[in-house]
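Biologist: Hi! Could you bring the model up so we can go through it together?
Modeller: Sure, here it comes.

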Amino acid sequence: MLLHDTALIFGRYARQTLRSRFQILFGILMPLLYLLFFGPLLTGLPLGEDTDSWQILVPGLLLQLGLFGASFAGFGLIIDKSTGVVERMRVTPVSRAALLLGRVLRDALLFMFQAVLLVLVAVLMGLRAPLPGVLIGFAFVGLLTVSLASLSYALAMRVSTPQEFGPVINALTMPAMLLSGLMLPMMLGPKWLDVLSHFTPFRYLVDAVRDAYAGTYASAHLLYGVIVALGFAALAVTVGTGVFRKAGA
């Protein structure tokens, strides 16, 4: 029943997304702007890595796509609550966990599609990375989306208005972006900042994807990234489904 109900919810929101071309295209706008206007500035700069500058920037932009896109996914749930959609779903026999998982699966596929578009543009601009590394990067984007979208929906169930939701998300995503080294490797900064960044789980994901793009598949960074990504996803989904069940939504 869980799989059946999840497929039903996923289908509903997937059709809704397909009808909104703006959601599909404009969701990738910010990483694309960074790629077009910030990427050329890094060409030829010594970034402290034995890799090309595009192999440094593109993995960060992929995870930035998941970080900001999935973190704000809860806005849609707040709208559903205010228009009575959630209330109507309450009286159906559909699994409460499926109400979360169907939405999260839609988000994961949406951002994976946007990630593919971003990589294609990056290739046109000069990115050269092995195909296995690119596929590993997509897998990390999917796991990050599942994690953050689950927590975003859990928060949306706890608040009543976008005015409550937005500041909380901004307060969490901005430090995460700055400390994870999405734009540039943290090792380029002062030592204390590099140490502090290791307390942010996103740092391990960024390092892992950069190693994958460089073709280094047996590195400690990639191992730590996989462990953190899987653990974070399991924890986030557990928290999210728990909130949905308690809320009766």
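Modeller: Let's begin with aspartate 107, which is buried, with a relative accessible area of 3%. Keep in mind that this is a predicted model.
Biologist: Thanks! Which side chain does aspartate 107 meet in a salt bridge?
Modeller: The partner is arginine 106, at 2.8 Å from N to O.
Biologist: And arginine 106, is that one buried or exposed?
Modeller: Arginine 106 has a relative accessible area of 10%, so it counts as buried, the limit being under 20%.
Biologist: How many salt bridges does the structure hold?
Modeller: There are four. Arginine 203 is a good place to go next, because it is buried as well, at 6% relative accessible area.
Biologist: Which residue does arginine 203 pair with at 2.8 Å?
Modeller: That is aspartate 194, going by the closest N and O atoms. Arginine 203 also forms a salt bridge with aspartate 207, and there the closest N and O atoms are 2.7 Å apart.
Biologist: How far apart are arginine 203 and aspartate 207 along helix H12?
Modeller: They are four residues apart, so about one helical turn separates them. Through shared partners, the salt bridges join Asp194, Arg203 and Asp207 into one network.
Biologist: Are the two aspartates in that network buried or exposed?
Modeller: Aspartate 194 counts as buried at 12% relative accessibility. Aspartate 207 is buried too, as is arginine 203.
Biologist: Okay, switching to pockets. What is the volume of the largest one?
Modeller: About 570 Å³. Its lining is made of 25 residues, and those nearest the centre are Gln23, Gly69, Phe72, Ala73 and Phe111.
Biologist: Which helices supply at least two residues of that lining?
Modeller: Helix H1 (2-18), helix H3 (29-37), helix H5 (53-71), helix H6 (74-82) and helix H8 (96-125) each do. H8 has the largest share, with six residues.
Biologist: And how does the lining of the largest pocket split by class?
Modeller: It has 13 nonpolar, eight polar and four charged residues.
Biologist: What about the second largest pocket, what volume does it have?
Modeller: About 220 Å³. It is lined by 14 residues, with Ser71, Leu148, Leu151, Ile169 and Leu172 closest to its centre. Two or more lining residues come from each of H5, helix H9 (131-158), helix H10 (162-180) and helix H12 (201-213).
Biologist: Which of those gives the largest share?
Modeller: H10, with five residues.
Biologist: How many charged residues are in the lining of the second largest pocket?
Modeller: There are no charged residues in that lining, which has eleven nonpolar and three polar ones.
Biologist: Let's finish on the surface. Which residues form the nonpolar patch there?
Modeller: Phe22, Leu25, Phe26, Leu29, Met30, Leu33, Leu36 and Phe37, which together have about 840 Å² of accessible area. Helix H2 (21-26) and H3 each give two or more residues to the patch, and H3 has the largest share, with five.
Biologist: So H3 turns up twice?
Modeller: Yes. H3 supplies at least two residues of the lining of the largest pocket, and five residues of the nonpolar patch come from H3.
Biologist: Take leucine 33 as an example. Which helix is it in, and what is its relative accessible area?
Modeller: Leucine 33 lies in helix H3. Its relative accessible area is 32%, so leucine 33 is partly exposed. That value also passes the cut-off for patches, which take residues with over 30% relative accessible area.
Biologist: Great, thanks for the walk-through!

Notes. Residues are numbered from 1 along each chain as its sequence is written. This is a predicted model: local features need pLDDT of at least 70, side-chain atom pairs count only at pLDDT 80 or more; totals for chains, interfaces and linings use all residues. Side-chain values use heavy atoms; hydrogens and water are left out. On a 1 Å grid over the protein atoms alone, a cavity is a set of points where a 1.4 Å probe fits but cannot get out, and a pocket is an open set with protein on both sides within 12 Å along at least five of seven lines; lining residues have an atom within 4 Å of a point. Grid points are joined across faces, edges and corners, and a volume is the space filled by probe spheres set on the points. Ala, Val, Leu, Ile, Met, Phe, Trp, Tyr, Cys and Pro count as nonpolar, Asp, Glu, Lys and Arg as charged, and the others, Gly among them, as polar. Buried means under 20% relative accessible area, exposed over 50%, partly exposed in between (1.4 Å probe, protein chains only). Patches are made of residues with over 30% relative accessible area and no salt bridge: like charges are joined within 9 Å, nonpolar side chains (Val, Leu, Ile, Met, Phe, Trp, Tyr) within 5 Å. Accessible areas come from the Shrake-Rupley method with a 1.4 Å probe; for residues, only the protein chains shown count as cover.
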